[in-house]
Amino acid sequence: MLTMPDSEDRKNDAPKRPPLRVGFLISGSGRTLHDLLDDVDNGLIDLDVRLVLASTPNASGLQHAEFRGIPAEVLERTGFLDGGDYSRAIFGLCRDNDVQIVVMAGFSVHLMIPEDFQHRVISSHPALAPAFTDRTLYGRRIHEAVLARGVKVSGCTIFFVDQSHNRGPVILQKAVPVSVDDTVEHLESRILYEERLALREALQLLAEDRIRVEGRRVRTVPSASGTLQA
């Protein structure tokens, strides 16, 4: 008697999607890179880190790449005529390493995103964009501004980087309540935790080809419908 495989068998027999090919841009400790590499080891996200680029040789996060045998480069802004040349060099290396998605993980230099990398560069902001995205606000200054303004909710935003400042299409956001007796340190700690989870979630959605950009809106589809094209 012929028996048909159940749905779980068919699921297990389905071809596995290759990991998302990612390049990281860093300027400091590379904490985000370290955390996501741990997530890869623990089977929580499907990434293939192809390249780590640092804006300074003093970026200690380069050690994470060296330890894992990941190709790493240092490109300092001062070595280029202008921001356009610098951006072209950055994305040229990303192309050479077959990178699908670029993660700006604390990268402190403004880049010009080329046409072929539109909606392929992501970053995070430790507040609910477009709130508190002024160019003068960065690091702890963001949380100081949140507390000074007296808002009741802050959080983090994962977004596609475009030519604006921290105001590209929003992939997802996580809210974090703000209490009246919060300190910068306590608020920053809670948001950093959510930021790590949010970035991991966004990258996994991209790895599963579940993100669609429609103008300024980002839609998450229920299931993958093809491979993410480079």
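This passage describes the main pocket and the salt bridges of a predicted model.

The largest pocket has a volume of about 1,200 Å³. Its lining comprises 43 residues. Nearest the pocket centre lie Ala105, Gly106, Phe107, Ser123 and Ser124. Several secondary-structure elements contribute to this lining. Two are strands, β4 (101-105) and β5 (121-125), each supplying at least two lining residues. The helices α2 (31-41), α5 (140-149) and α6 (184-207) also supply at least two residues each. Helix α6 gives the most, with six residues. By class, the lining holds 17 nonpolar residues, 17 polar residues and nine charged residues.

Ionic contacts were then examined. The count comes to 17 salt bridges. One of them pairs the side chains of Arg196 and Asp39, with an N to O distance of 2.7 Å. This pair links distant parts of the chain. Arg196 belongs to helix α6 and Asp39 to helix α2, and 157 residues separate them. Both helices also help to line the largest pocket. The two partners can be set side by side in terms of accessibility. Asp39 has a relative accessible area of 1% and is therefore buried, the limit being under 20%. Arg196, at 33%, is partly exposed, because its value falls between the 20% and 50% limits.

A second salt bridge joins Asp48 and Arg50. Their closest N and O atoms are 2.7 Å apart. Asp48 is partly exposed, with a relative accessible area of 26%. Arg50 is likewise partly exposed, at 26%. Neither partner of this bridge counts as buried, because that class requires a value under 20%.

A third bridge connects Arg212 with Asp209. Here the closest N and O atoms lie 3.3 Å apart. This distance satisfies the salt-bridge criterion, because the cut-off is within 4 Å. Asp209 counts as buried, at 8% relative accessibility. Arg212 is partly exposed, with a relative accessible area of 23%.

Some bridges share partners. Asp35, Asp39, Arg196 and Arg200 are joined in this way into one network. The network thus includes both residues of the bridge between helices α6 and α2, namely Arg196 and Asp39.

Key:
Residues are numbered from 1 along each chain as its sequence is written. This is a predicted model: local features need pLDDT of at least 70, side-chain atom pairs count only at pLDDT 80 or more; totals for chains, interfaces and linings use all residues. Side-chain values use heavy atoms; hydrogens and water are left out. On a 1 Å grid over the protein atoms alone, a cavity is a set of points where a 1.4 Å probe fits but cannot get out, and a pocket is an open set with protein on both sides within 12 Å along at least five of seven lines; lining residues have an atom within 4 Å of a point. Grid points are joined across faces, edges and corners, and a volume is the space filled by probe spheres set on the points. Helices (H or I, at least four residues) and strands (E, at least two) are DSSP runs, numbered from the N terminus. Ala, Val, Leu, Ile, Met, Phe, Trp, Tyr, Cys and Pro count as nonpolar, Asp, Glu, Lys and Arg as charged, and the others, Gly among them, as polar. Buried means under 20% relative accessible area, exposed over 50%, partly exposed in between (1.4 Å probe, protein chains only).
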